[in-house]
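Okay, thanks for making room on the agenda. I'll walk through one model with you, piece by piece, so pull it up and follow along.

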Amino acid sequence: MAVVIIPIFFLYLVLTRKNLKFLKDKNLFVSIIIFVLTISPLLIYGYFSYGNVLGAFIHAQKASNYWGASSPWYFVINNSVTMFSAIALLFVLGIYKVFNKIKDRNKILVILWLLGFLIFFSVLPHKEDRYFLPMIPAFCIIAAIGLAGLKKHLKIVLALVMIACILTVSGLAYRDHVNSQKAEVQCFLEANIFLKDVPG
């Protein structure tokens with residue numbers, strides 16, 4: 001999933017520099033080398049498991065077509081309360097603030113980062129909450145911009161958001177605990193224990 005950042009970053013450089021001279025910048029090549037080194041464990045895994053350094057990426061793309069049920073493109077909107085809790089409200093305010101001063105290079109990068117991953121994951125047939133983790137830092141930065149805009153009531157809003165997040169996480173943990181006690185789950189776990197001792 002990390003490779004999605006490559007076209008996003010390239011688009012960011014084109015939009016902010018308005019030419020292709022950045023391709024001659026040695027710092028760009030240093031960044032590319034660091035990026036490749038960062039994802040090298042995944043590339044090595046792909047080579048040994050699939051016989052292709054990009055095997056893991058190719059498999060993930062193919063698997064999304066047949067693994068699990070299909071999800072609508074607006075999956076993240078439907079699950080925003082579960083995924084983001086009250087931070088989603090700060091995010092909406094942050095989006096408004098960001099687009100008010102979109103010429104800021106840092107804000108352009110954050111918006112492209114968020115939209116790039118959001119579009120990529122929205123077109124996948126099967127979606128899960130964890131697929132959206134690469135866009136969470138950008139989401140949080142935008143939410144922080146929204147929070148910073150509430151200078152007069154900053155501490156009160158932050159306290160309310162933290163309480164809402166704690167309640168949301170507690171509720172989800174309780175739900176998962178209840179679901180884990182269901183008969184079919186216990187049966188599945190016991191079946192796994194039984195199968196461990198079955199030869200072959």
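Before anything else, one term: a residue is exposed when its relative accessible area is over 50%, buried when it is under 20%, and partly exposed in between. With that cut-off, K26 counts as exposed, because its relative accessibility is 64%. K26 sits in helix α2, and we'll keep coming back to that helix. And please keep in mind that what you have on screen is a predicted model.

While we're on K26, look across to L115. The two are 89 residues apart in sequence, and their C-alpha atoms are 28 Å apart in space.

Okay, the pocket. How much space lies in the largest pocket? About 470 Å³. The lining is made up of 19 residues, and the ones closest to the centre are I5, I6, F9, I32 and F35. Which helix gives the most to that lining? That would be α2, with seven residues. Helices α1, which runs over 5-17, and α7, over 105-122, are on the list too: along with α2, each of them supplies at least two lining residues. For anyone wondering about the probe, the general idea is simple: you roll something the size of a water molecule over the atoms, and that shows where empty space is left.

Let me stay with F35 for a second, as one of the residues closest to the pocket centre. F35 is also placed in helix α2. Is F35 buried, exposed or something in between? In between: its relative accessibility is 23%, so F35 counts as partly exposed. If you want a distance to go with that, the C-alpha atoms of F35 and L90 are separated by 31 Å, with their positions 55 residues apart along the chain.

Now the outside. There's a nonpolar patch on the surface formed by I44, Y47, F48, V53, L54 and I58, and together they have about 610 Å² of accessible area. Where does the largest share of that patch come from? Helix α2 again, residues 26-50, which contributes three residues. L54 isn't in that helix, though; L54 is found in the loop between α2 and α3, the latter being 55-66. L54 is partly exposed, because its relative accessible area is 42%.

On to charges. Side chains of opposite charge can pair when their charged atoms come close. In this structure there are two salt bridges. One joins R130 and E128, where the closest N and O atoms are 2.7 Å apart. R130 is exposed, since its relative accessible area is 52%. The other pairs the side chains of R175 and D176, at 3.6 Å from N to O. R175 has 43% relative accessibility, so it counts as partly exposed, and D176 lands in that category as well, because its value is 42%.

What about disulfides? How many does the count come to? Zero. Take C165: it is in no disulfide, and the nearest cysteine sulfur, that of C140, is 9.3 Å away. For a disulfide you'd need the two sulfur atoms within 2.5 Å, so that pair doesn't qualify. C165 is buried, because its relative accessible area is 16%. C187, on the other hand, counts as exposed, because its relative accessibility is 52%.

Last bit, backbone angles. Which residues have a positive phi without being glycine? Two to show you here. K18 has a phi of about 60°, and K18 is found in the loop between α1 and α2. S85 has a phi near 55°, and S85 is in the loop between α5, 80-84, and α6, 87-100. Their surroundings are worth a look side by side. K18 is exposed, because its relative accessible area is 72%, whereas S85 counts as buried, because its relative accessibility is 12%.

So, to pull α2 together: this helix holds K26 and F35, gives the most to the lining of the largest pocket, and makes up the largest share of the nonpolar patch. That's my tour, thanks.

Terms used: Residues numbered from 1 in each chain as written. Predicted model: local features only at pLDDT ≥ 70, side-chain atom pairs only at ≥ 80, totals over all residues. Heavy atoms only, no water. Patch = residues over 30% accessible without salt bridge, like charges linked within 9 Å, V, L, I, M, F, W, Y side chains within 5 Å. Areas by Shrake-Rupley, 256 points an atom, 1.4 Å probe, with all protein chains shown as cover. Salt bridge = Lys/Arg side-chain N within 4 Å of Asp/Glu carboxyl O. Helix = DSSP H or I, 4+ residues; strand = E, 2+ residues; numbered from the N terminus. Buried < 20%, exposed > 50% of the residue type's maximum accessible area, 1.4 Å probe, protein only. 1 Å grid on protein atoms, 1.4 Å probe; cavity = no way out; pocket = protein on both sides within 12 Å on 5 of 7 lines; lining within 4 Å. Points joined across faces, edges and corners; volume = space filled by probe spheres on them.
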